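Please open the structure in your viewer and keep the selection tool at hand. The tour below goes from one selection to the next, and at each stop it says what is there.

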Amino acid sequence: MDRPLVSVALITYNHANFIRTAIESILMQKTDFYFELIIADDASTDGTTEIVFEYQKKYPQIIKVLSTTANLGMHRNTFRLWKACRGKYIAFLEGDDFWSYDLKLQRQVDYLEIHKKAMATAHNVLCISESGDKLPNEMIDFPYQKEHKYGKQEALECVQFGHMSSLVFRNFCDILTHEQWRLYNLSTLNGDFKIGLTLGMLGYIFYFEDTWSCRRKVFTGTSWTAMSYNKNVTKFICANYFKAQQYLQIAFGERINISHHLKCLIKQNVNMALQNLDAENIKSIKILIVCYIWSLRKNVKNYWEVK
């Protein structure tokens with residue numbers, strides 16, 4: 001079979017209530033090119049496995065299911081999914097999200113085919129609840145953005161490019177050097193963040209102003225939303241900054257100003273504490289101050305430099 005132009009990588013675990021919507025939103029895509037759909041099911045226990053195999057049987061020329069008898073976890077499941085993708089471009093989707101525009105893939109790939117320096121395209125997303133209702137503004141973690149380009153400067157400022165359901169990108173495992181690809185897979189930096197940083201280092205992401213996908217916030221189960229909702233994630237944020245510093249320094253010879261980012265977070269949390277002083281705000285400020293001092297030490301010693 002010829003190599004597909006696009007591999008749609010669908011990752012899922014216990015998404016029985018949503019997986020059909022996700023798959024149908026992919027199958028509805030109208031394109032003038034061939035694309036494949038690779039589904040990595042991480043040993044679901046709620047009927048998701050049976051549903052994805054049902055679709056593979058119905059669309060064997062398009063769909064390939066990667067199954068496992070033991071739960072691998074997000075990192076290992078994502079890695080095997082990526083390895084199975086044969087396309088020049090990759091589009092990621094999680095089993096509880098879905099695409100809302102039938103020309104999404106065509107529009108994004110058209111841009112990448114014309115603009116060779118672009119590494120990826122992304123767009124706005126609609127944040128919805130588990131039942132499909134639009135979430136209020138205070139619960140939206142990916143606010144509306146105008147058309148723009150995300151490049152090296154934004155990556156070094158640790159700006160999040162957008163939501164993964166919006167991303168179509170060049171399969172950069174063939175673009176990175178062998179050592180960079182090894183370092184990419186070794187890094188335990190948050191996956192979405194790591195992909196965005198890497199794409200920014202290699203070129204730029206063109207961001208469409210349109211809204212072509214829905215990001216579902218599920219507050220139960222093992223989703224990031226469920227695990228982080230109403231919890232103090234300051235340690236996680238700080239750890240990601242240090243991991244980003246390490247990854248960019250070793251893989252690309254670039255540095256981010258961690259101290260600056262932590263100083264901004266301290267100011268933000270102090271302002272929040274002045275409005276509503278509680279134990280969690282105080283805890284966050286303490287963590288940030290410790291990390292800020294530690295970041296200064298690492299900057300002085302050039303801690304991440306490879307010997």
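What follows is a walk through a predicted model, beginning with the whole chain and then turning to single residues.

**The whole chain**

Begin with the protein chain in a cartoon view, where you can find 11 helices and 9 strands. If you colour the 307 residues by accessibility, buried residues make up 50% of them. Contacts can be looked at in the same view: among those between residues at least 6 apart in sequence, 80% join residues at least 24 apart.

**Two helices in contact**

Next, select helix H3, residues 74-84, together with helix H6, residues 178-186, which pack at an angle of about 145 degrees with their axes 11 Å apart. Showing the side chains brings out the contact itself, made by His-75, Phe-79 and Trp-82 from H3 and by Trp-181, Tyr-184 and Asn-185 from H6. Of the residues in this contact between H3 and H6, 4 are nonpolar and 2 are polar, while none is charged.

**Aromatic rings**

Keep Trp-82, Trp-181 and Tyr-184 selected and add Phe-92, Phe-169, Phe-172, Tyr-247 and Phe-252, and you have one aromatic cluster on the screen. The structure as a whole holds 18 aromatic pairs. One of them joins Phe-172 and Trp-181, and with ring centres 6.4 Å apart and planes at 75 degrees, this pair is edge-to-face because the angle is over 60 degrees. Phe-172 has a relative accessibility of 0% and therefore counts as buried.

For another pair, move to Phe-208 and Trp-212, whose rings are tilted, at 5.0 Å from centre to centre and with 40 degrees between the planes. Phe-208 and Trp-212 are both buried.

**A buried threonine**

Now select Thr-198, which has its place in helix H7, residues 191-202. Is Thr-198 buried or exposed? Its relative accessible area is 0%, so Thr-198 is buried.

The side chain of Thr-198 reaches the backbone oxygen of Lys-194 at 2.8 Å, and a polar contact of 2.7 Å joins it to the side chain of Tyr-247. If you leave out residues up to four places away in sequence, Thr-198 touches Phe-172, Leu-176, Tyr-184, Tyr-247 and Phe-252.

**Lysines over rings**

From Thr-198, go back to Lys-194 and show its side chain, for Lys-194 lies over the face of Tyr-184, at 4.4 Å from the ring centre. A further arrangement of this kind can be found by selecting Lys-149 and Tyr-204, where the charged end of Lys-149 sits over the ring of Tyr-204 at 4.5 Å from its centre.

**Two residues with positive phi**

The last stops concern the backbone, and it helps to recall that most residues other than glycine have a negative phi. Select Asn-14, in the loop between strand E1 (6-12) and helix H1 (19-27), and you will find a positive phi near 50 degrees in a residue other than glycine. With a relative accessibility of 27%, Asn-14 counts as partly exposed.

Then move to Cys-158, in the loop between helix H5 (152-156) and strand E8 (168-170), where phi is again positive, at about 60 degrees, although the residue is not a glycine. What is the relative accessible area of Cys-158? The value is 12%, and because buried means under 20%, Cys-158 is buried.

Key:
Residues are numbered from 1 along each chain as its sequence is written. This is a predicted model: local features need pLDDT of at least 70, side-chain atom pairs count only at pLDDT 80 or more; totals for chains, interfaces and linings use all residues. Side-chain values use heavy atoms; hydrogens and water are left out. Axes are lines fitted to C-alpha atoms, for helices over the stretch in contact, and angles run from 0 to 180 degrees between N-to-C directions. Helices (H or I, at least four residues) and strands (E, at least two) are DSSP runs, numbered from the N terminus. Contact means heavy atoms within 4.5 Å. Ala, Val, Leu, Ile, Met, Phe, Trp, Tyr, Cys and Pro count as nonpolar, Asp, Glu, Lys and Arg as charged, and the others, Gly among them, as polar. Buried means under 20% relative accessible area, exposed over 50%, partly exposed in between (1.4 Å probe, protein chains only). A polar contact is a pair of N or O atoms within 3.5 Å; within protein, one must be able to donate a hydrogen and the other to accept it, and residues adjacent in sequence count only if both atoms are side-chain atoms. Rings of Phe, Tyr and Trp (its six-membered ring) pair if their centres lie within 6.5 Å; planes under 30 degrees apart count as stacked, over 60 as edge-to-face and the rest as tilted. A charge sits over a ring if NZ of Lys or CZ of Arg is within 6 Å of the ring centre and within 35 degrees of the ring normal.
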